[in-house]
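Please open the model in your viewer and keep the selection panel at hand, as this tour moves from one residue outward to the strands around it.

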Amino acid sequence: MDDGSQNRIALVIIVLLACVSITALLIAFSYYCYITNKLAIRLKSNKGDDYEDQVSLPDLRVSADKGLQVFTFKQLQSATGGLGKSNVIGHGGFGLVYRGYLNDGRKVAIKLMDQSGKQGEEEFKVEVDLLSRIRSPYLLALIGYCSDRNHKLLVYEFMANGGLQEHLYPISNSKAVYSKLDWDTRLRIALDAAKGLEYLHEHVSPPVIHRDFKSSNVLLDKNFNAKVSDFGLAKLGSEKAGGHVSTRVLGTQGYVAPEYASTGHLTTKSDVYSYGVVLLELLTGRVPVDMKRPTGEGVLVSWALPRLTDREKVMSIMDPALEGQYSPKEVVQVAAIAAMCVQPEADYRPLMADVVQSLVPLVKQQKLVSSKSDHIRSPVAQDPVKAS
């Protein structure tokens, strides 16, 4: 083969290799464009999701059609005297609670959210959305809300006697004057709170699980009628009989059901357990967890449970503040209800409807007379707003 033929063959090979290289580059460039376009679409979608999150709070204004008022921050600042310290009536995980007066003269409780970040906003949205949809005389009524830039506030009906916890465990150096809750009043509070949870579990579909039921979330009006409050951690339950929802464990130490704490499986029976703990507080006057107590008495449930089914032992754990002024028969019956509610196995706990039916015969349906309300002093009897 002469040199000319070899050169032509070499040229053909070079041309073929060049074509293959160009084709490979075109394929690579096309794939790059495809990936880039796909990534751009995904980023755009993510931005859209972020935008939806950002506008979700203003979208809550549709709640106004359901009876909620939408306030500006200036309106609520004015209603509370500039969010003054003298008007602070409580505080919790959400933030400070202020006493306030609306333009129409209504006395209200205004809760200012001090939690930053996604969790705080989520609790705010849950509370507004939930309480705009449900109404019960046994649940604290939400009047309105404010979502003004970084300011998020909730406006509730005013409960003159504050939280149950404050009356069971009055602070010794507090200027507020709390009443000693007699046995009949404790029974009525227990029934009202049970009806609140029964409504959430039985009359809402899907059922609502409170997830943070405790004595500080049971509020009392001027006549000591009780209402369940604080729905920031509430969760929709399963509509299936015996079903559960899986979620991260939230709540307050001493009130959280054992199966929820260990597995994250949440059911209405988790609330039943928490209710049982509050019932034990009403019976004993003890906080759910107090490690300063003698060995074996630090956790209320584990200490009280073995004593609840023994008549003599039940009498020995009763709150000394009651000074023996109660019916032993009624105490035994309430202790039995509490024992069922705090059973370690969720399946052995009753429904809240069953608890209500068990308590109804024990509560004396008597009208409050003026003489009773006269000698019960409210912790907010002094009104710094009007006084000023």
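Begin by selecting Lys 111, the position at which an unreviewed UniProt entry places the feature "binding site"; keep in mind while looking that the model is a predicted one. Lys 111 lies in strand β4, which covers residues 107-112. Its relative accessibility is 9%, and because buried means under 20%, Lys 111 counts as buried.

Next, display the residues in contact with Lys 111, leaving aside its neighbours within four places in sequence: these are Phe 94, Leu 96 and Val 97, then Lys 152, Leu 153, Leu 154 and Tyr 156, and finally Asp 230.

Now extend the selection to the whole of β4. Is this strand enclosed or open? Five of the six residues of β4 are buried, so the strand is largely enclosed by the rest of the structure.

Add strand β3, residues 96-101, which pairs with β4 in the antiparallel sense over five bridges. To see one position of this pairing, select Tyr 101 together with Lys 107 of β4, which stands opposite Tyr 101. From there, follow the chain through the hairpin of β3 and β4, where five residues lie between the strands and where Gly 105 takes a positive phi near 95°.

Finally, bring in strand β6, residues 151-157, which runs antiparallel to β4 and is joined to β4 by five bridges. Which residue of β6 should be selected as the bridge partner of Ile 110? The residue to select is Val 155, which is the partner of Ile 110 in β6.

Definitions and conventions:
Residues are numbered from 1 along each chain as its sequence is written. This is a predicted model: local features need pLDDT of at least 70, side-chain atom pairs count only at pLDDT 80 or more; totals for chains, interfaces and linings use all residues. Side-chain values use heavy atoms; hydrogens and water are left out. UniProt positions are given in the numbering used here, feature names are shortened, and annotations may be inferred rather than shown by experiment. Helices (H or I, at least four residues) and strands (E, at least two) are DSSP runs, numbered from the N terminus. Buried means under 20% relative accessible area, exposed over 50%, partly exposed in between (1.4 Å probe, protein chains only). Contact means heavy atoms within 4.5 Å. Two strands pair if DSSP finds at least two bridges between them.
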